[in-house]
Amino acid sequence: MGGRLRILTGNLANGAADPQAFADLVRSYRADVVAVQELVPEQAEALAEVMPYGVLEPARDFLGMGIALARPGSLDRLPLGYRDAHIARLDPAGWPDLPRPIEIVNVHLISPVVWPLWGSLARRRVQLRALLRYLEESPERTCALIGDFNATPLWPVYRRIAARLEDVALAHARRRGGWPPRTWPSWPRGPRLLRIDHCFARGLSAEDLRVVPIPGSDHDAVIVDLTVS
């Protein structure tokens, strides 16, 4: 084992999440990689003050995405036909604690209940096929797929990805004799009902994992400490 990497992922609810509170959350947990979905300009500006590297592409139409990094990395996009995934490639040259290169893929799959349903389901299938192609192109790749998958463990999207990569929240919980925490909806009071924000990984394992509220968002953030297996 080697090379711990702390990743934080969160859906910022298209501007509803408080920009400064989220930036303070990132700072307090000293994240190495931050993957965000539904990012708007004010949130991007606050996050960039804490994380100096990466690429943030905010928008006001629920399509804003980005990966912020504590150190330089190579950034790329994975075309999904709708709301592309963002890739950060971390090389030991810039991340000396890592024994080999790692790819972090920020994913936001379209909800299966967006109207019209036939359109959202068709886009979702296209997104899933592109993700599976990415995984199958280089089966030796050390990688983590993180973000808002809009899929619980009962959904086919989850099952098809989990057949190829490890659900690190589930693996971490099983090692401790418990259940992985749910992440949505993040109401001020009441329980979280569903687990739709995930971290899937190959060649990585979770040393620690927690979920924490994002002020203003309907999603909790997932914070995971990954080590290279």
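Is Arg 133 buried, exposed or partly exposed? I looked it up: Arg 133 is partly exposed, because its relative accessible area is 47%, and buried would need under 20%, exposed over 50% (1.4 Å probe, protein chains only).

A note to myself on the source: this is a predicted model, where local features need pLDDT of at least 70, side-chain atom pairs count only at pLDDT 80 or more, and totals for chains, interfaces and linings use all residues. Residues are numbered from 1 along each chain as its sequence is written, and side-chain values use heavy atoms, without hydrogens and water.

**The patch.** I found Arg 133 in helix α3 (helices are DSSP runs of H or I with at least four residues, strands E runs with at least two, numbered from the N terminus). Arg 133 joins Arg 125, Arg 129 and Arg 160 in a positive surface patch. Patch residues have over 30% relative accessible area and no salt bridge, with like charges joined within 9 Å; a salt bridge is a side-chain nitrogen of Lys or Arg within 4 Å of a carboxyl oxygen of Asp or Glu. Helix α3 gives the largest share of this patch, three residues.

**Arg 141.** Next I went to the loop between α3 (117–137) and β8 (143–148), where Arg 141 sits. Arg 141 counts as buried because its relative accessibility is 14%. Beyond residues up to four places away in sequence, Arg 141 touches Glu 103, Tyr 134, Leu 135 and Arg 202 (contact means heavy atoms within 4.5 Å).

**Pro 79.** My last stop was Pro 79, in the loop between β5 (74–78) and β6 (85–90). Pro 79 is exposed, at 56% relative accessible area. Leaving aside neighbours within four places in sequence, I saw Pro 79 in contact with Asp 84 and Ala 130.

Methods:
Patches are made of residues with over 30% relative accessible area and no salt bridge: like charges are joined within 9 Å, nonpolar side chains (Val, Leu, Ile, Met, Phe, Trp, Tyr) within 5 Å. Accessible areas come from the Shrake-Rupley method with a 1.4 Å probe; for residues, only the protein chains shown count as cover. Lys and Arg count as positive and Asp and Glu as negative; His and the chain ends are not counted. The place of a charge is taken as NZ of Lys, CZ of Arg, CG of Asp or CD of Glu.
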